[in-house]
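Student: I'd like to learn how to read a model like this one. Can we go through it together?

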Amino acid sequence: MLTGLIIIFLFVLFLPFISKVVEENLEIFLFFMGVLAVFISQVYTEALFFKAAIAPINIAIAVFIAGVLFKWFQRGLQNSVVYVSERVPFWFFIFFTVIFLGLISSVITAIIAALILVLITSSLTLHRRSLLIFVVLSCFSIGLGASLTPIGEPLSTIAISKLNEDFFFLINLVGKEILIALLFFGLLAAILVKPPSQTDKFSKMGQNEAEGYGEISIRSLKIYFFVMGLTFLGAGFEPLINQYLINLTPSALYWINMLSAVLDNATLAAAEISPSMSDQTIQAILLGLLISGGMLVPGNIPNIIAAGKLNITSKEWAKIGLPIGLVCMLAFFIVLLFIQ
């Protein structure tokens, strides 16, 4: 079992970078890897199947509805974004947007925040490099910000449920660290994201054509299988997590939780977090999961939504996401050492 799961993990980690077929069909690939992991671990049950089949429904519906609304109101929304971006300093617009998306995601959910990001990005005629930086940093921000409340994303919901804590527990536990991270992402974006040149503006005119309903439906279906695959993948790896990871030190868990760059961080949180743990240990686990979730495309739902809609490849994402994620991981690890 151990060998099979390690092979699956390596496939999930590396194949999107070396196979164009896998890259173009990432959601379906992860679905099949999840199914394979479940059968290798011998944890398949009808209950697991129904859980995996039901869990993605709301997300897929939200993506479909948002795609239709985007199609209907795209022109007016794009004009509004362009109007605002041209009447405030561009660096401030980028800085404010990255931070705002992170904070608002804890209220409107990470999925809706990611769809708003896609709308804003599609309305700006950014150079490709600037677009990549803006999207990756915004998804880091959304992934962290959504964890501040139990309604923002599955990880925070599971954490509050397992710990039997109140609505504001996570804000009190990791709110300060997350706010610092959001400010960092905002500042970094303000520095690195360059305003579009006149050449960029003219070269991209007429390219933001509305999607057809078929394209919207296919993307929603892909999201459905992606989330279903992550559910299977998490369940398949859970025996391995329970056997080898649960009793490790907070520092070790912090770095091992970089697995959430590939695996579902909500599943890892469900397996690792216990009410018997100290606040410092829970803090280390959560920060490790949340930061590394932005490193690669499969690490978080906002990543896969933005990458799919904006045609960002796994290689493009990793070139930006991995260095930024590693710097943040190291910085917060040093902070956690002093706290402990």
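Tutor: Let's take confidence, then charge pairing, then a helix contact.

Student: Where is confidence lowest and where is it highest in the protein?

Tutor: Remember that this is a predicted model. Where pLDDT is low, the predicted coordinates should not be read in detail. Here the mean pLDDT is 84, with 93% of residues at 70 or more. The low end is helix 11 (residues 198–203), with a mean of 52, and the high end is helix 8, at 95.

Student: Okay, salt bridges next. How many are there by the rule?

Tutor: The general idea is that side chains of opposite charge can pair when their charged atoms come close. The count here is one. Arg 128 pairs with Glu 316, and their closest N and O atoms are 2.8 Å apart. That ties together distant parts of the chain: Arg 128 sits in helix 8 (residues 128–145) and Glu 316 in helix 17 (residues 314–339), 188 residues apart.

Student: Why does Arg 128 count as partly exposed?

Tutor: Because its relative accessibility is 32%, and partly exposed lies between the 20% and 50% cut-offs. Glu 316, at 23%, is partly exposed too.

Student: And how do helix 4 and helix 12 cross?

Tutor: In a right-handed crossing. The axes of helix 4 (residues 46–54) and helix 12 (residues 213–244) come within 8 Å, at roughly 145°.

Student: Which residues make that contact?

Tutor: Helix 4 brings Leu 48, Phe 49, Lys 51, Ala 52 and Ala 53, while helix 12 brings Tyr 224, Met 228, Thr 231, Phe 232 and Ala 235. By type, that's eight nonpolar, one polar and one charged.

Technical notes. Residues are numbered from 1 along each chain as its sequence is written. This is a predicted model: local features need pLDDT of at least 70, side-chain atom pairs count only at pLDDT 80 or more; totals for chains, interfaces and linings use all residues. Side-chain values use heavy atoms; hydrogens and water are left out. A salt bridge is a side-chain nitrogen of Lys or Arg within 4 Å of a carboxyl oxygen of Asp or Glu. Helices (H or I, at least four residues) and strands (E, at least two) are DSSP runs, numbered from the N terminus. Buried means under 20% relative accessible area, exposed over 50%, partly exposed in between (1.4 Å probe, protein chains only). Axes are lines fitted to C-alpha atoms, for helices over the stretch in contact, and angles run from 0 to 180 degrees between N-to-C directions. A crossing is left-handed if the near helix is turned anticlockwise from the far one by less than a right angle, and right-handed if clockwise. Contact means heavy atoms within 4.5 Å. Ala, Val, Leu, Ile, Met, Phe, Trp, Tyr, Cys and Pro count as nonpolar, Asp, Glu, Lys and Arg as charged, and the others, Gly among them, as polar. pLDDT is the predictor's confidence in each residue, from 0 to 100.
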